[in-house]
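Visitor: Please take one part of this structure and go through it closely. I would like to know what surrounds it, and then how the rest of the chain is laid out.

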Amino acid sequence: MRLRNVSFLTVLLFGLSGLVSVSWYTAFSSSRGDVVDIYQREFLALRERLHSAEQENLRRSKELNLVLEEIKRAIAEKQALRDINRTWSSLSEETRLKLWNVSSSKNVLQLPSIFHHLPHLLNREDSLQPAIHLGQGRTGVSIVMGVPSVKREVHSYLTDTLSSLMSELSPTEKDDCVIVVLIAEADQQYASSVADNLKRLFPAEIQSGLLEVVSPSVHFYPDFSKLKESFGDPKERVRWRTKQNLDYCFLMMYAQSKGTYYVQLEDDIVARPNYFTTMKNFALQQPSEEWMILEFSQLGFIGKMFKSSDLSLIVEFMLMFYKDKPIDWLLDHIMWVKVCNPEKDAKHCDRQKANLRIRFKPSLFQHVGTHSSLAGKIQKLKDKDFGKQTLHKGHANPQAEVTTSLKTYQHFTLEKAYAGEDFFWAFTPVAGDFIRIRFFTPVRIERFFFRSGNIEHPGDKLFNTSVEVLPFDNIQAEKEALTEGREKKPKYHRTEDGFIRIGSFQNGIAEGEVDPSFGPLEAMRLTVTTDSPVWVIISEIFIKKAE
């Protein structure tokens, strides 16, 4: 019985052990399956990330290869360009021109261009680009005035010429024209110094667009040493007139798209009052458009007006023969080709040309230069049709006593200038010199205008000279006009003897308004602050009383 019970217990224990083992195995197997699933999912995710990274690496590798190819191509192109330039430079101008013709167009027929006449321009890409360019690029005006200027050995008239041209323009006229100065020198240091000087003297005119300053590239001009002498002129004169023709061409090409008409001037002239409107009206009043040149001066190439639409023809003709003849001969030849019949006589030809070349009288421009741009040449050319030159302008000024520390030249006294009877002319001013106007009775002044220099002596101007006033009631003037703002800062500079500085001379002219808070003035004074290099002329004095 005991044995049976032990056997039963043994079987029971084995059964329970087996059941536990099966349960544990089942649980273990289930748990292991879950872990495998987790690992499988992580492995798949990892493989996906590795695949994406591999694709990204391939993409970036392709991009890097493209960049490397571009770098290699750029290096190769640069080297090829160097080789081409080296080969191109070794070719003759004739060969370069032929190659340029072949590559420039697929057409069989080739049109002439500036490169046919000036093949050396093919040597540099920037040969037709201005080396200096100041201005606003104004276009759409009625008249463009071209003023070529070169270095003169003795004296430059350029700033006086520009002052004359611009001082005779009204505000409306200033908005309807452009004055283009061509500094026609290959010496870039000199050209830059002239440009800087014009920028300093005429900042408002450049900023507004009225004045533009350009200078050609040093590569624009050909080798003048290869020119042949002709018409009995020495080589230096042939070089001078040849370069002059190219200067005119450069100016015309630059100005062509800027306005309706182009007027050729020189850098040593003065202008008659109202010259701009006179030229414009004369052009508009022509009965037909057949004219080619309107002349506003009988001298050389001064005051010659062209239609801008004709400039291409004129430049093309000039470039064909720029080495052969001077500009005035070439212009006459253009008209001969257009209207003269070889089977008719010279008188018939002159009558035909007169329809293309029309003179206006009296002349609007006068030549004032003595020293030519051709070294050593003295020319005292005067346009007889310019008429009597007005050397001063008079006004009815308030009664006053005028005195000066300047030494008067001959009979050109300050009293006559103030009375409007003549101009005042004096020897070279030095620092501290003055011109004083003391009114007989205190007077309220609205504005003032002083002009130095005149048409015959445009260089005799006042430089570094201030305009000063002396209020009758200095205490009130000090209180109302000499301070401004909360901190009462000085608004004007007061001199040691009580005068108040209200203006100064710019380009030979001093003008402005007088602050009403000064009240009646006892006196006005011009004071020279530095020594002057020239004599001085006062050609206009205008002191306007307040109403």
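Guide: Gln264 has a relative accessibility of 0%, so Gln264 counts as buried, the cut-off for that word being under 20% relative accessible area. The model is a predicted one, and the values below are computed from it.

Gln264 belongs to strand β5, which covers residues 259–264. Setting aside residues up to four places away in sequence, Gln264 touches Gly146, Pro148, Tyr248, Leu251, Met252, Phe301, Ile302, Gly303 and Lys304. Two of these names, Gly146 and Pro148, lead to the next element, since strand β2 is made of residues 141–149.

Strand β2 is mostly covered, with nine of its nine residues buried. β2 and β5 run parallel and are joined by five bridges. One of the bridge pairs is Ile143 with Tyr261, the latter in β5. β2 also runs parallel to strand β3, residues 177–183, and seven bridges join these two. Here Ser149 has Ile183 in β3 as its bridge partner. Strand β2 thus has bridges to β5 and to β3.

Another buried residue is found in strand β1, which spans residues 132–134. This is Ile132, and its relative accessible area is 11%, which is why Ile132 is called buried. With neighbours within four places in sequence left out, the contacts of Ile132 are Gln188, Ala191, Ser192, Ala195, Val213, Val214 and Ser215. Ile132 can also be compared with Ser217: the two lie 85 residues apart in sequence, while their C-alpha atoms are 8.2 Å apart in space.

The chain as a whole gives the setting for these residues. The protein chain has 14 helices and 22 strands. It consists of 547 residues, and 42% of them count as buried. Take the contacts between residues at least 6 apart in sequence: 75% of these join residues at least 24 apart. The chain exposes about 31,200 Å², and carbon and sulfur atoms supply 55% of that area.

Further along the sequence there is a pair of helices to look at. Helix α11 holds residues 327–339 and helix α12 holds residues 346–354; their axes come within 9 Å and cross at roughly 100°. That crossing makes α11 roughly perpendicular to α12, because angles from 65 to 115 degrees are placed in that class. On the α11 side, the residues that meet α12 are Asp332, Met335, Trp336 and Val339, and on the α12 side they are Cys349, Gln352 and Lys353. Sorted by class, this contact has four nonpolar residues, one polar residue and two charged residues.

Last comes an open sheet. Six strands form it, in the order β11-β13-β21-β15-β19-β18, and the pairing is antiparallel. The edges are taken by β11 (400–404) and β18 (493–494); each has a single partner strand, so one side of each has no neighbour in the sheet. For β18, strand β19 (residues 500–504) pairs with it in the antiparallel sense over two bridges. In one of these, Arg494 is matched with Ile500 of β19.

Notes: Residues are numbered from 1 along each chain as its sequence is written. This is a predicted model: local features need pLDDT of at least 70, side-chain atom pairs count only at pLDDT 80 or more; totals for chains, interfaces and linings use all residues. Side-chain values use heavy atoms; hydrogens and water are left out. Axes are lines fitted to C-alpha atoms, for helices over the stretch in contact, and angles run from 0 to 180 degrees between N-to-C directions. Helices (H or I, at least four residues) and strands (E, at least two) are DSSP runs, numbered from the N terminus. Angles under 35 degrees count as roughly parallel, over 145 as roughly antiparallel, 65 to 115 as roughly perpendicular and the rest as oblique. Contact means heavy atoms within 4.5 Å. Ala, Val, Leu, Ile, Met, Phe, Trp, Tyr, Cys and Pro count as nonpolar, Asp, Glu, Lys and Arg as charged, and the others, Gly among them, as polar. Two strands pair if DSSP finds at least two bridges between them. Buried means under 20% relative accessible area, exposed over 50%, partly exposed in between (1.4 Å probe, protein chains only). Accessible areas come from the Shrake-Rupley method with a 1.4 Å probe; for residues, only the protein chains shown count as cover.
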